Amino acid sequence: MIRWLKKSRGYTLTELVLVMLILSIFGVTIITLIQSGSHAYQTIIDNKNAESDARLAISCIGVRVRRNDITGGVRVEKFPQTNVNALVITEEYDGVKYDTWYYYDGQDLRELSFVPQGEALDASNSSIIASVKSFSVEYLASQNAIREQVTYERKHQGQTMLKTMTGMIMLRSDTQGAVTP
């Protein structure tokens, strides 16, 4: 056995350093690939979430307008705290009229629900519908329609772009009192 130990040769320091260098290069390459793949995946997820929020905003407004498309049920009015156009849905329960406001606060599309008509609006009681870059709503009298527009951020090849979705809701009700431009 002693003879066998004397005949076996170990690895030289040069061989060990060379193997460690090759493994280090391989490890750094793998880590770089994983990080870039992870970054690309996160960008795709962020873009899909932003687009999903924009679609949610368009869909939510469209459903609410269609559901309340009666004379006096839908109007566009300036939201007092932001002074931008907001969609107002009026509903009546037990003889009392309530307004639900859909407005953009500079960061999010928000809903302020069931405010009795004539009462002051308290934006702190509102809830977020979707996080979007901008939201606008307007009444088009010539078409008896409401146009809504949502802008969201999309990242592509390291640049941030703004994308816009527009929805057009044709009203069935007459415009007498239905919408206030």
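**Entry 1. Salt bridges**

I take a salt bridge to be a side-chain nitrogen of Lys or Arg within 4 Å of a carboxyl oxygen of Asp or Glu. The model I am reading is predicted. With that criterion I checked Arg172 and Asp69, and they form a salt bridge, the closest N and O atoms being 3.6 Å apart. I then looked up where the two partners lie: Arg172 is in the segment after β8, Asp69 is in the loop between α2 and β1, and 103 residues separate them. Arg172 is exposed at 66% relative accessibility, whereas Asp69 is buried at 10%.

I searched the whole structure for such pairs and noted 11 salt bridges. Among them is the pair of Glu91 and Arg64, with the closest N and O atoms 3.2 Å apart. This pair also links distant parts of the chain, since Glu91 belongs to strand β2 and Arg64 to helix α2, 27 residues apart. I asked whether each partner is buried or exposed. Glu91 has a relative accessible area of 9% and counts as buried; Arg64 is buried as well, at 11%.

A further salt bridge brings together the side chains of Arg110 and Asp105, at 3.6 Å from N to O. Arg110 is buried, with a relative accessible area of 15%, while Asp105 is partly exposed, at 32%. I also followed shared partners and found that salt bridges join Arg64, Arg67, Glu91 and Glu111 into one network.

**Entry 2. Nonpolar cores**

Which residues touch the most other members of the largest nonpolar core? I listed Ile61, Val65, Leu87, Phe135 and Ile146, out of 25 residues in that core. I then recorded the elements that each supply at least two residues to this core: α2, β1 (74-78), β2 (85-93), β3 (96-104), β5 (127-131), β6, β7 and β8. Helix α2 gives the most, with 6 residues.

I looked at Phe135 in more detail. Apart from its neighbours within four places in sequence, Phe135 is in contact with Ile61, Tyr104, Leu109, Glu148, Gln149 and Val150. A second, separate core has 8 residues, including Val88, Trp101, Leu112 and Val115.

**Entry 3. Strand pairing and hairpins**

I followed Val88 and Trp101 into the strand pairing. The bridge partner of Val88 in β3 is Trp101, and both residues belong to the second core. Strands β2 and β3 run antiparallel and are joined by 7 bridges. Their hairpin has 2 residues between the strands, and there Asp94 takes a positive phi near 50°.

I next examined β3 with β4, which are antiparallel and joined by 6 bridges. Tyr98 stands opposite Pro116 in β4. In this hairpin 3 residues lie between the strands, and Gly106 in the turn has a positive phi of about 105°.

The last pair I looked up was β7 (residues 145-156) with β8 (residues 159-170), which pair in the antiparallel sense over 12 bridges. Lys155 stands opposite Thr160 in β8. The hairpin of β7 and β8 has 2 residues between the strands, and Gln157 takes a positive phi near 50° there.

**Entry 4. Positive phi elsewhere**

I noted these angles because most residues other than glycine have a negative phi. Where does Phe114 lie? Phe114 is found in strand β4 (residues 108-116), and its phi is positive, about 50°, although it is not a glycine. Phe114 is partly exposed, with a relative accessible area of 42%.

Asn144 was my second case, with a positive phi near 50°. I placed Asn144 in the loop between β6 (134-140) and β7. Asn144 is buried, with a relative accessible area of 16%.

**Entry 5. A nonpolar surface patch**

Which residues make the nonpolar surface patch of about 400 Å²? I recorded Leu18, Leu21, Ile22 and Ile25. I checked one of these residues further: Ile22 lies in helix α2 (residues 13-67) and is exposed, with a relative accessible area of 52%. I set this beside a general tendency: in soluble globular proteins, nonpolar side chains tend to be buried together. Helix α2 thus appears twice in my notes on nonpolar residues, as the place of Ile22 and as the element that gives the most residues to the largest core.

Conventions:
Residues are numbered from 1 along each chain as its sequence is written. This is a predicted model: local features need pLDDT of at least 70, side-chain atom pairs count only at pLDDT 80 or more; totals for chains, interfaces and linings use all residues. Side-chain values use heavy atoms; hydrogens and water are left out. Patches are made of residues with over 30% relative accessible area and no salt bridge: like charges are joined within 9 Å, nonpolar side chains (Val, Leu, Ile, Met, Phe, Trp, Tyr) within 5 Å. Accessible areas come from the Shrake-Rupley method with a 1.4 Å probe; for residues, only the protein chains shown count as cover. Helices (H or I, at least four residues) and strands (E, at least two) are DSSP runs, numbered from the N terminus. Buried means under 20% relative accessible area, exposed over 50%, partly exposed in between (1.4 Å probe, protein chains only). Two strands pair if DSSP finds at least two bridges between them. A nonpolar core is a set of buried Ala, Val, Leu, Ile, Met, Phe, Trp, Tyr and Cys residues joined through side-chain atoms within 4.5 Å. Contact means heavy atoms within 4.5 Å.
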